[in-house]
Amino acid sequence: MIDSSAAAEPLQEIEGPIEFSPEELAKVEQLKGLYPSSKSAIMPVLWMAQKKWGWLSVGVMKHVAQVMNLPYAHVYGVASFYTMYFKKPMGQYHVQVCTNVSCMLRGGEAVYQHVAQKYGIGHNQRTADGKFSLEEVECMGACGGAPMVAINEDYYENITIEALDRMLDDLG
Amino acid sequence: MPNLSEQNFPKLILPDIPNLHKLDVYLANGGYQMYRKALTMQPNDIIEEMKRSGLRGRGGACFPTGLKWSFMPKGNDKPKYLAINGDESEPGSFKDRAIFEFNPHLLIEGILIAGYAMGIKTAFIYIRGEYHKWVRLTEEAVQAAYDAGLIGPRMKETFGGDYSMDIVVHKGAGAYICGEESSLMNSLEGDRPYPRVKPPFPAQVGLWGMPTTINNVETIANVPVILRMGAEAYSKIGAEKHPGTLLLGISGHVNKPGVYEVPSGLPLLDIINDLAGGVPGGKQIKAVIPGGSSMPILRGDQLEGVMMDAEGLKAAGSAIGTGGIMVMDEDTDIPHMLRRLIHFYHHESCGQCTPCREGCGWLEKVLTRVDEGHASSSDLDLLVDIANNIEGNTICALGEAAAWPTRFTITRLREEFEAKVKPDAALPVANVVHALRESSYRPAVVAES
């Protein structure tokens, strides 16, 4: 799964020092202890890092490599495989529209097109003010509530363009 | 047969009990009693009970669960692991989510019984990353069980005996391939989640090189139910060779989409019309994918008499998969649907095996041409040819998962595709690559009988 859209943009980096706090480092150690091998904690630690910094820059991944005692290449290899680990900054509100078959059958593509036109952004792009980003996602497991949209971590099912518009306008 | 919506089917996995996800409610309804019962049995007798019940895996392959458990080596000379597959990423499947939300303690109790039966002390529940809410709900249920001394070291005091089990909830990060069991293991180990070559099978060499059993969420949720009812009674529910209730996720063009718990072996058409309320506007059904997007599609006129269980769907030329029923009405643009579906497989191919990595891309390119009206009839044969060259040539089943929908959709609904293609001469750009291959070899497309 290669995200070719990431390659087209200049490399960005988070400003300021990139370091977990002592409490977070203690959490990392606790996560390592959950598994027979500490390497397994890489996914939860990447989730922690993404929660803290919003996305996984090269600097963040290098820091994760350091606290995980793993080569940077390994951390990059894992992080780059999964679509939910962001390799570039996303919007404050990450709007994920499903257009896979069950949602497509119930109008998911029109919802996606609407959001894309509303903000003038495409797949995995964000608005200039950094408020919204858009992702055309694969099946999110909400087929019974199609069409569905997820904003950050929350699902909104049986969505209509009008209801989504109201929600997005409330956010920004 | 009377209307299915008026029948009182047993609700074994998702009973109508409010707040069952809360530990006190679950305990008040006989919760964790089946684990107590399990402790009075010999581990091997539990495995035999599962075999007698006829329980088959609910993750798609329908493998007999008791048999799978019996592959685990006996003895405790090295650690053994249990992985619960809650990656649930197959388009059209959304049943495990209902268990995480409404009955997570049934899953936890099933894990304890499975762990005791196989001598496993650590279990991992792998849940897809998009399920933020359901990961949280499951973590809360696991934590509540820890706090009450129902799992973890304190369970020896609670239940007596010398057995204890730790459960870790592991969150994925958005990769369909992690639902493949060996990929799931690599993901859990912290590696890039490429599927592994089998053999060795997980029961010999699994997580961290140790014996491992991987079961679907719904499969494990059935385990306490079987101990409660007894294998004999359970095996009499639904279809003889695929007994028990199934959580069917119905989506697409139906009036009442959702998850329905029904006995196996009901007529597919009655499920769509009675339970899911039929097709909006009284339209005809053009096609149905009966078991999640990877399973062969059935034409509307192939649905009469099709039964929803493993054997019934096999006889109809499809498979039950995860029980995700996707209904498409008469206005559905089938080539467009297939293009969208193959885009998914192309996106989710892990890239390890060339036939899948490249083949899915080619399928998507050609299907895009078909969908946009720039293809000729021979392109449809080309698609089937590519699909045939993916199938069987990859490490894991994602190859088949992409090849089957392509081949079956084109052969079963070919007229839908023919309506979108043009004669070669009418194409705006000559397809040089295709013209070259036409001069050498053209595979014969075997029409289905």
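## Exercises on a two-chain model

In this predicted model, A:Lys39 and B:Asp191 make a salt bridge whose closest N and O atoms sit 2.8 Å apart. Let's work outward from there.

**Exercise 1.** Check the A:Lys39 pair against the salt-bridge cut-off, then find how many such bridges cross the interface of chain A and chain B.

*Solution.* Start with the rule: a Lys or Arg side-chain nitrogen has to be within 4 Å of a carboxyl oxygen of Asp or Glu. A:Lys39 and B:Asp191 come in at 2.8 Å, so the pair passes the 4 Å test. Next, the tally: the rule picks up 3 salt bridges across the interface of chain A and chain B. Polar contacts can be tallied too, and 22 residue pairs turn up there, with both residues at pLDDT 80 or more.

**Exercise 2.** Work out which elements of chain A supply the side that touches chain B, and what that side is made of.

*Solution.* First, list the suppliers: H3 (42-53), H5 (72-81), H6 (101-104) and strand S3 (132-137) of chain A each bring at least two residues. Then rank them: H5(A) gives the most, with 5 residues. Now sort by class, and you get 22 nonpolar, 12 polar and 7 charged residues on the side of chain A that touches chain B. Finally, the extent: 41 residues of chain A are in contact with 55 residues of chain B. The buried area is about 4000 Å², with carbon and sulfur atoms giving 59% of that.

**Exercise 3.** Take the open sheet of 5 strands in chain B and say which strands stand at its edges.

*Solution.* Write down the order, S6-S5-S11-S8-S9, with mixed pairing. Read off the ends: S6 (258-263) and S9 (298-299) of chain B each have a single partner strand, so one side of each has no neighbour in the sheet. Now zoom in on one end. S8 (residues 285-289) of chain B pairs with S9(B) in the antiparallel sense over 2 bridges, and B:Ala287 stands opposite B:Arg299 of S9(B).

**Exercise 4.** Find which parts of chain B are tied together by the salt bridge of B:Glu218 and B:Lys95.

*Solution.* Begin with the distance: the closest N and O atoms of B:Glu218 and B:Lys95 are 3.0 Å apart. Place each residue next. B:Glu218 belongs to helix H10 (residues 217-229) of chain B, while B:Lys95 is in the loop between strand S1 (81-86) and helix H5 (96-102) of chain B, so the bridge ties together parts 123 residues apart in sequence.

**Exercise 5.** Compare the radius of gyration of chain B with that of a compact globule.

*Solution.* For 449 residues, a compact globule would come out near 22 Å; chain B has 23 Å, which agrees.

How values were computed. Residues numbered from 1 in each chain as written. Chains lettered and ligands numbered in written order. Predicted model: local features only at pLDDT ≥ 70, side-chain atom pairs only at ≥ 80, totals over all residues. Heavy atoms only, no water. Contact = heavy atoms within 4.5 Å. Buried area = accessible area lost by both parts, 1.4 Å probe. Polar contact = N/O pair within 3.5 Å; in protein donor to acceptor, adjacent residues only side chain to side chain. Helix = DSSP H or I, 4+ residues; strand = E, 2+ residues; numbered from the N terminus. Nonpolar A, V, L, I, M, F, W, Y, C, P; charged D, E, K, R; others polar. Pairing = 2+ DSSP bridges. Rg over C-alpha atoms; globule rule 2.2 N^0.38 Å.
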